[in-house]
Amino acid sequence: MVRAPPRARRASLVARPVRLVAWMEHRQVPIYLAAMVVGGVVGFAAPGSGSSLEHAINPALAGLLYVTFLQVPAADLLRSLKDGRFVGAALVINFVIVPIVVAAVFLLLPADQTIRVGVLLVLLTPCVDYVIVFSGIAGGNSERLLASTPLLLILQMALLPVFLVLFMGSDLADIVEVGPFLHAFLILIVIPLTLAWLTQAWAARARSGRLVAAGASTLMVPLMVAVLAVVVASQIPKLDNNLTDVASVIPFYVAFLIIMAFAGTLLSRLFRLDVPASRAITFSGATRNSLVVLPLALALPAGYELAAAVVVTQTLVEIIGMVAYIRIIPRLLPNAVNR
């Protein structure tokens, strides 16, 4: 039996994980759907594990956002702020158009304050993680969208309390506390962003830093799978006898996706963006930050436990909606446009 030389064996060992990462990246949509199915099965089969799994949400999210931010060089973030039309369109669609659409939806929501708070938390915050994946699959400019994610995260955390006051009025003081917002901002934004930029600085100066950065970047899909599975498994037990109440928000989430597809298309043409940028903006307006605001929903006082399930329901609807978006948005914004 002829044995491969040591160098060839080492190259084969290195190539295996590389091929595995490439395989996962090309099959992200079915992998994410499978992760949610597995989470659902675990949630139904072992409902007692829900409270324990909740403790894993923040660490998993922080890791996911660290890997996301690691792909955004600090210099690129500064350059993205100079990309006036794209950044302007991203800000308008997420912090002007979306609140107007949510205001229309809000009037039709069930009167239950728990459901209303959950819907507001999730619909008023733009996505910063898997939107990049889905936008890229549909031919969107993921690089420009990725570079704008820290700005979108910081602004949504600053503006979310303002929007909640506008929608909820004086009732908000009895429901939401400032502490969880500050905690989420520190754990999910400040720390991951700082660590990502420190890793980038290390990578710029040492080979060991480059190896760490490259290795961390391969964890995007596994971390997203872990987050989705843990989130769904931890929230399924809370449905219990509230399935009808939670299901009542599904039509609103579907309507939001339909409205934002056309709103993003029209706004992109108003800003005269090219096709890849237009698709990215449309995806940005439609996808919401359910995973990052979930800790805020979990921190609500006793009696508002259902709000977290309302947030997670949006994730389930949105992932399925993104499968449709991947096919629909390229038709709304074909490559022939703007030529």
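Which residue forms a salt bridge with D274? The views below come from a predicted model, and the first one holds the reply.

**View 1. The salt bridge between D274 and R144.** D274 pairs with R144. Their closest N and O atoms are 3.6 Å apart. The cut-off is 4 Å between a side-chain nitrogen of Lys or Arg and a carboxyl oxygen of Asp or Glu. By this rule the count comes to one salt bridge. D274 sits in the loop between helix 15 (250-270) and helix 16 (275-286), and R144 belongs to helix 9 (residues 142-147), so the pair ties together parts that are 130 residues apart in sequence. Both partners have some exposure: D274 is partly exposed at a relative accessible area of 38%, and R144 is partly exposed at 22%.

**View 2. R272 in the loop between helix 15 and helix 16.** Most residues other than glycine have a negative phi. R272 is not a glycine, yet its phi is positive, about 55°. Is R272 buried or exposed? R272 is exposed, with 65% relative accessible area. The loop that holds R272 also holds D274 of the salt bridge.

**View 3. Helix 6 against helix 16.** Two packed helices are described by the angle between their axes and the distance between the axes. The axes of helix 6 (residues 84-106) and helix 16 come within 9 Å. They cross at roughly 25°. Angles under 35 degrees count as roughly parallel, and helix 6 and helix 16 are therefore roughly parallel to each other. Their crossing is right-handed. Helix 6 brings F86, A89, A90, I93, N94 and V98 to the contact. Helix 16 meets them with A277, A280, I281, S284 and G285. By class, the contact of helix 6 with helix 16 has eight nonpolar and three polar residues, with no charged ones.

**View 4. Helix 15 against helix 18.** Here the axes of helix 15 and helix 18 (residues 306-332) come within 9 Å and cross at roughly 40°. That angle makes helix 15 oblique to helix 18. The crossing of helix 15 and helix 18 is right-handed. Residues of helix 15 in the contact include I250, Y253, V254, L257 and M260, along with A261, F262, T265 and R269. On the helix 18 side, V310, V311, T313, Q314, V317 and E318 are among the residues met, as are G321, M322, Y325, I329 and L332. By class, the contact of helix 15 with helix 18 has 14 nonpolar, four polar and two charged residues.

**View 5. The surroundings of V310 in helix 18.** V310 is buried, at 0% relative accessibility. Which residues does V310 touch, not counting residues up to four places away in sequence? V310 touches I115, G118, V119, V249 and Y253. V310 and V249 are 61 residues apart in sequence. In space, C-alpha to C-alpha, V310 and V249 are 7.4 Å apart. Y253 is also one of the helix 15 residues in the contact with helix 18.

**View 6. Helix 8 and the residue G139.** Why is helix 8 (residues 130-137) described as largely enclosed by the rest of the structure? Six of its eight residues are buried, so helix 8 is largely enclosed. The buried residues in helix 8 are Y130, V131, I132, V133, F134 and S135. G139 follows helix 8 and has a positive phi, near 85°.

Technical notes. Residues are numbered from 1 along each chain as its sequence is written. This is a predicted model: local features need pLDDT of at least 70, side-chain atom pairs count only at pLDDT 80 or more; totals for chains, interfaces and linings use all residues. Side-chain values use heavy atoms; hydrogens and water are left out. Helices (H or I, at least four residues) and strands (E, at least two) are DSSP runs, numbered from the N terminus. Buried means under 20% relative accessible area, exposed over 50%, partly exposed in between (1.4 Å probe, protein chains only). Axes are lines fitted to C-alpha atoms, for helices over the stretch in contact, and angles run from 0 to 180 degrees between N-to-C directions. Angles under 35 degrees count as roughly parallel, over 145 as roughly antiparallel, 65 to 115 as roughly perpendicular and the rest as oblique. A crossing is left-handed if the near helix is turned anticlockwise from the far one by less than a right angle, and right-handed if clockwise. Contact means heavy atoms within 4.5 Å. Ala, Val, Leu, Ile, Met, Phe, Trp, Tyr, Cys and Pro count as nonpolar, Asp, Glu, Lys and Arg as charged, and the others, Gly among them, as polar.
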